[in-house]
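Colleague: Before I take this model to the bench, I would like to go through the terms used for it and hear what stands behind each of them.

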Amino acid sequence: MSHDARVRYDGGSGGGARLAHLSRIICAPETVARVFRQSVRMSTETASVSTLPLSTADTASPAEIANAAVHTRGLSKVYKDFWGRDKVRALDSLDLTIHRGEVFGLLGPNGSGKSTTIKLLLGLIFPSRGTASVLGHAAGSTEINEKIGFLPEESYLYKFLNGEETLKFYGRLFKIPSRELKKRVPALLDTVGLDAKARKRKLREYSKGMARRIGLAQALINNPDLILLDEPTTGLDPIGTREMKDLILSLKEQGKTVLLCSHLLADVQDVCDRITILFRGKMQTLGQVKDLVQVKDITQIQATGLTPEQIVEVQEYIKRMGLNNATVTHPTTTLEDLFMRIVREKTAPGGSYTSSDT
Ligand SMILES: Nc1ncnc2c1ncn2[C@@H]1O[C@H](COP(=O)(O)OP(=O)(O)OP(=O)(O)O)[C@@H](O)[C@H]1O
Ligand SMILES: [Mg+2]
């Protein structure tokens with residue numbers, strides 16, 4: 001009987017290196033959830049301590065700012081009450097640089113300032129302090145509107161238009177010639193998975209998932225360079241979520257920059273190059289997903305086809321190196337993979353299930 005085995009041991013010292021030739025060594029994958037929980041816990045325990053040495057001094061040159069997709073320094077937002085008194089400090093001194101062509105994730109629990117950040121970048125609200133530039137221009141400049149696509153947290157689309165009419169309407173707002181729209185609208189509807197039946201239905205009849213899809217198509221109608229997605233997978237089933245993630249990756253392949261906000265951590269982990277975690281308006285951590293989620297003191301060795309006897313042998317070998325806490329497990333799949341596999345298996349040959357079928 002053959003086995004897929006995963007051997008792991010803590011505190012990989014010199015002995016670990018000797019075992020390296022046995023197989024490919026990979027670092028134990030941990031979910032973003034651990035980093036997320038850590039950041040929130042640290043922030044709750046020591047509210048004034050950040051896990052990052054953040055500097056509000058702007059050391060970026062004008063060329064760096066011009067080349068960045070998003071550049072903020074000391075960006076802060078305090079919402080005021082009716083009397084002009086400070087009500088909520090929604091964003092506090094955000095220093096952020098998003099490079100062109102990357103998929104960047106803005107994470108944080110409810111009320112941490114994610115949507116506020118997006119609104120500031122779009123110029124929908126004004127900062128109380130600090131600066132923000134987008135694609136080399138001050139946030140909110142009219143010059144860059146055409147280069148930005150935005151999927152808001154909640155859809156504000158006209159309920160009495162159907163999917164096709166909605167895209168044509170937004171296309172005309174961007175002054176896209178009708179000849180071009182005739183090609184672009186059906187192509188976009190295909191891209192977001194709204195079939196012939198769905199695109200003729202009024203938006204008021206759309207399910208949550210369909211509304212998210214048409215929202216995304218609307219955000220892409222102007223072929224933007226920078227796409228801001230606020231909770232893009234809300235309301236989508238696992239298939240829709242997978243499609244949304246694939247779409248985000250294909251946007252990256254086309255050289256576009258994507259900034260997405262989410263508290264659905266697994267979604268972010270799969271598609272983002274870098275993430276930051278906000279908590280109570282403050283940046284808690286920033287970095288590449290693969291670095292942030294890596295557990296540095298655990299090493300995993302993966303091998304296919306090990307027999308039970310060979311597994312015992314490997315364990316003995318590790319013990320002989322003085323490491324007693326080696327564990328042998330089989331890798332698990334994610335629930336999403338399992339779900340996708342089941343749906344794929346149940347789909348009739350030749351037919352394809354999309355969540356807009358229902
Ligand atoms: N217009 C407003 N007036 C007053 N307070 C506001 C306003 N908009 C947002 N806030 C407050 O600012 C804080 C940050 O809100 P924001 O919507 O940016 O959070 P979020 O991270 O997007 O949360 P969620 O995950 O729930 O979407 C919250 O405490 C919220 O109540
Ligand atoms: Mg929000």
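Colleague: What makes a stretch of the chain a helix or a strand here, and how many of each are there?

Modeller: Helices are DSSP runs of H or I with at least four residues and strands are runs of E with at least two, numbered from the N terminus, and on that basis the chain has 13 helices and 14 strands. This is a predicted model, in which local features need pLDDT of at least 70 and side-chain atom pairs count only at pLDDT 80 or more, while totals for chains, interfaces and linings use all residues. Residues are numbered from 1 along each chain as its sequence is written, and chains are lettered from A and ligands numbered from 1 in the order in which they are written.

Colleague: How do you know that helix H6 spans what a helix should?

Modeller: The expected span is 1.5 Å times one less than the number of residues; H6 (residues 178-191) has 14 residues, and its 19 Å from first C-alpha to last is close to the expected 20 Å. After H6 comes Gly193, with a positive phi near 80 degrees.

Colleague: Which residues of H6 are called buried, and what covers them?

Modeller: A residue is buried if 20 or more other C-beta atoms, placed from the backbone, lie within 10 Å of its own, and in H6 this holds for Arg184, Val185, Leu188 and Leu189. Their cover, judged by contacts (C-beta atoms within 7 Å), includes helix H5 (163-173), helix H7 (196-199) and helix H8 (208-220). Over the whole chain, buried residues make up 36% of the 358 residues.

Colleague: Why are E8 and E12 called edge strands?

Modeller: Two strands pair if DSSP finds at least two bridges between them, and in the open, mixed sheet of six strands, ordered E8-E9-E10-E5-E11-E12, strand E8 (148-151) and strand E12 (282-288) are the edges because each pairs on one side only. Further in, strand E5 (residues 103-107) and strand E10 (residues 257-262) pair in the parallel sense over five bridges, and Phe104 stands opposite Leu259 in E10.

Colleague: What makes a residue part of the shell around ligand 1, and how does that shell divide?

Modeller: The C-beta atom, placed from the backbone, must lie within 6 Å of the molecule, and 14 residues surround ligand 1, with Tyr79, Ala90, Asn110, Ser115 and Thr116 the closest. Strand E4 (86-98) and helix H4 (114-122) each supply at least two residues of this shell, which divides into three nonpolar, eight polar and three charged residues.

Note on methods:
Nonpolar A, V, L, I, M, F, W, Y, C, P; charged D, E, K, R; others polar. Buried ≥ 20, exposed ≤ 12 C-beta atoms within 10 Å, placed from the backbone. Contact = placed C-beta atoms within 7 Å.
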